[in-house]
Amino acid sequence: MTPIPFAKPLTDSREQQAVQSVLESGQFVHGPKTEEFEKQFAQRVGTQYAVALSSCTAALHLSLMQLGISQGDKVIVPAMTHVATAHAVSLCQATPLFVDVSPLSGNINTHILETLNDPSIKAIIPVHYLGLPCDMEVISHIASLKNWHIIEDCALALDASFHEQNVGTFGIAGCFSFYPTKHITSIEGGMLTTNDPEFAEKIRKARAFGYDKSLNERKTPGLYNIKSLGLNCRMDEVRAAVGLVQLEKLDAFQQTRNVNFSILKKGLQHISNIHSFPNTLGKSLSSHYCFNIVIPDSSPREPIMNALKEAGIGFSVHYPQALPLSEYYQKKYQHKIEDFPVAHWLAHHSISLPVGPHLRPNDPEYIVQTLTPILERTSP
Ligand SMILES: Cc1ncc(COP(=O)(O)O)c(C=O)c1O
């Protein structure tokens, strides 16, 4: 059996030709591919603007910077997320205020949000865990009452929707990732979506050192001024060209993901004691990043992982610890396990299984057949 990776970028001669044509053009940055990728991505998500960046982390960081988040401010972050969500806050010298997640969805627990009244909270970063959207109705309501900005972390949620509205359209910014394991890739890369023209312009300036004029806007080459702080987080033309081809393939990719997800769900859901996150919940419709199972407290996870390794089935863990309990954040803020029981439980009991379009037609059934006896042994 050829091993099944957890995720694998799918590219062919179309991406190769796209890369080749950029290399031949000699225009590697500030070019038409990036602009076109931004235009098409904004259309796909349903926002007025999209700004291409070097990563989702850059999108999160620049968003917070442009909102003026700084020392003394707090930003709400779910306890179960990738470190990028919290590091973006820390890079602004602000404090990530970690909130535990719901056992039903892995998304931020909105009941806890209602109790938070600290005036130093300036923003919230809802993370759509494994592609299932947070309850954006409740979050938007609480955020508007409490005057918090919303920056959505959509790294794993491209094409997910809440009440038929795509994620990435609910707050001041939506932040997407094109890292090779994601729904589409631009090798490395990210995109920020927004409906606010001024905010979009600020992000454009901040992604390129804070120049007042981009290369194409300069009347005289080399002459510009610096009006604000910025970084170098641009997306280059090669990546944008790859991203454009991938965007054309997204519908087909998603169809396969949905089918693979359904086969795993149907095949494994009868096993008692195994919890799996739904692909729809209330008004949320998942983008099917993976199929996640949560094994019972009484069963160790290692034997299941070892059996998967032996069978050549790739898997992942999202995420390896409740983020406030990772060494960096635990030492900094002395967080305790009992403050994040659900995130801690997920970190130690969940396994993410592959559903991506890289799976061959028989792979989902093979995963079900392999896992069923192993998981049945963990049930009473
Ligand atoms: C929820 C979440 N946010 C942000 C990121 C960071 O994305 P990038 O690698 O594009 O910076 C990741 C990476 O997987 C993620 O899972």
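These are my notebook entries on a predicted model of a protein chain with a ligand.

**Entry 1: the two domains**

I began with the overall division of the chain, and I found domain 1 at residues 13–246 and domain 2 at residues 250–378. I then looked up how far apart they sit, and the centres of domain 1 and domain 2, taken over C-alpha atoms, are separated by 25 Å. For the contact between them, I noted that 31 residues of domain 1 are in contact with 29 residues of domain 2. On the side of domain 1 that touches domain 2, helix H4 and strand E6 (161–162) each supply at least two residues. I also sorted that side of domain 1 by class, and wrote down 17 nonpolar, 10 polar and 4 charged residues.

**Entry 2: the nonpolar core**

Next I turned to the largest nonpolar core, which has 105 residues, and I asked which of them touch the most other members. They are Ala-59, Leu-64, Val-75 and Cys-175. Helix H8 (residues 237–268) gives the largest share of this core, with 9 residues. I wanted to know where this core lies with respect to the two domains. Both domain 1 (13–246) and domain 2 (250–378) contribute residues to the core, and therefore it lies between them.

I picked Leu-64 for a closer look, and, leaving aside its neighbours within four places in sequence, I listed its contacts as Ile-69, Val-75, Ala-88, Val-89, Cys-92, Ala-123 and Ile-151. Val-75 is thus on my list twice, as one of the core residues that touch the most other members and as a contact of Leu-64.

**Entry 3: strands E2 and E3**

Val-75 led me to its strand pairing, where strand E2 (residues 74–78) and E3 run parallel and are joined by 5 bridges. Opposite Val-75 I found Pro-96 in E3. I then checked how covered strand E3 (residues 95–99) is, and 5 of its 5 residues are buried. Thr-95, Leu-97 and Val-99 point one way from E3, while Pro-96 and Phe-98 point the other way.

**Entry 4: strand E8 and its partners**

Cys-175, another of the core residues noted above, took me to strand E8 (residues 173–177), which is mostly covered, with 5 of its 5 residues buried. I separated the two faces of E8, and put Ala-173, Cys-175 and Ser-177 on one side and Gly-174 and Phe-176 on the other.

I then looked for the partners of E8, and found that strand E5 (residues 149–153) pairs with E8 in the parallel sense over 3 bridges. Strand E9 (residues 190–194), by contrast, runs antiparallel to E8 and is joined to E8 by 4 bridges. Cys-175 appears in both pairings, as the bridge partner of Asp-153 and as a residue whose own bridge partner in E9 is Leu-192.

**Entry 5: Val-127 in a loop**

I moved on to Val-127, which sits in the loop between strand E4 (121–124) and helix H6 (136–146). Is Val-127 buried or exposed? I counted 24 C-beta neighbours inside 10 Å, and because the cut-off for a buried residue is 20 or more, Val-127 counts as buried. Not counting residues up to four places away in sequence, Val-127 touches Pro-78, Thr-81, Thr-85 and Asp-153. I also noted that Val-127 and Met-80 are 47 residues apart along the chain, while their C-alpha atoms are separated by 8.7 Å.

**Entry 6: the ligand**

I looked up the surroundings of the ligand, and found 14 residues around it, of which the closest are Ser-55, Thr-57, His-82, Ala-155 and Ser-177. Helix H3 (56–66) and helix H4 (83–91) are the elements that give two or more residues to this shell. By class, I recorded the shell as 6 nonpolar, 7 polar and 1 charged. Ser-177, among the closest to the ligand, is also one of the buried residues of E8.

**Entry 7: two open sheets**

Last, I traced two sheets, the first of which is an open sheet of 4 strands in the order E7-E6-E12-E11, with antiparallel pairing. Its edge strands, each pairing on one side only, are strand E7 (165–166) and strand E11 (280–281). E11 and strand E12 (residues 284–285) pair over 2 bridges, and Thr-280 stands opposite Leu-285 in E12.

The other open sheet has 3 strands in the order E10-E13-E14, and its pairing is also antiparallel. Here the edge strands are strand E10 (275–276) and strand E14 (350–353). Strand E13 (residues 291–294) is joined to E14 by 4 bridges, and Val-294 stands opposite Ser-350 in E14.

Technical notes:
Residues are numbered from 1 along each chain as its sequence is written. This is a predicted model: local features need pLDDT of at least 70, side-chain atom pairs count only at pLDDT 80 or more; totals for chains, interfaces and linings use all residues. A residue is near a molecule or strand if its C-beta atom, placed from the backbone, lies within 6 Å of it. Ala, Val, Leu, Ile, Met, Phe, Trp, Tyr, Cys and Pro count as nonpolar, Asp, Glu, Lys and Arg as charged, and the others, Gly among them, as polar. Domain bounds come from an automatic or database domain assignment. Two residues are in contact if their C-beta atoms, placed from the backbone, lie within 7 Å. Two strands pair if DSSP finds at least two bridges between them. A residue is buried if 20 or more other C-beta atoms lie within 10 Å of its own, exposed if 12 or fewer, and partly exposed in between; C-beta atoms are placed from the backbone. A nonpolar core is a set of buried Ala, Val, Leu, Ile, Met, Phe, Trp, Tyr and Cys residues joined through C-beta atoms within 7 Å.
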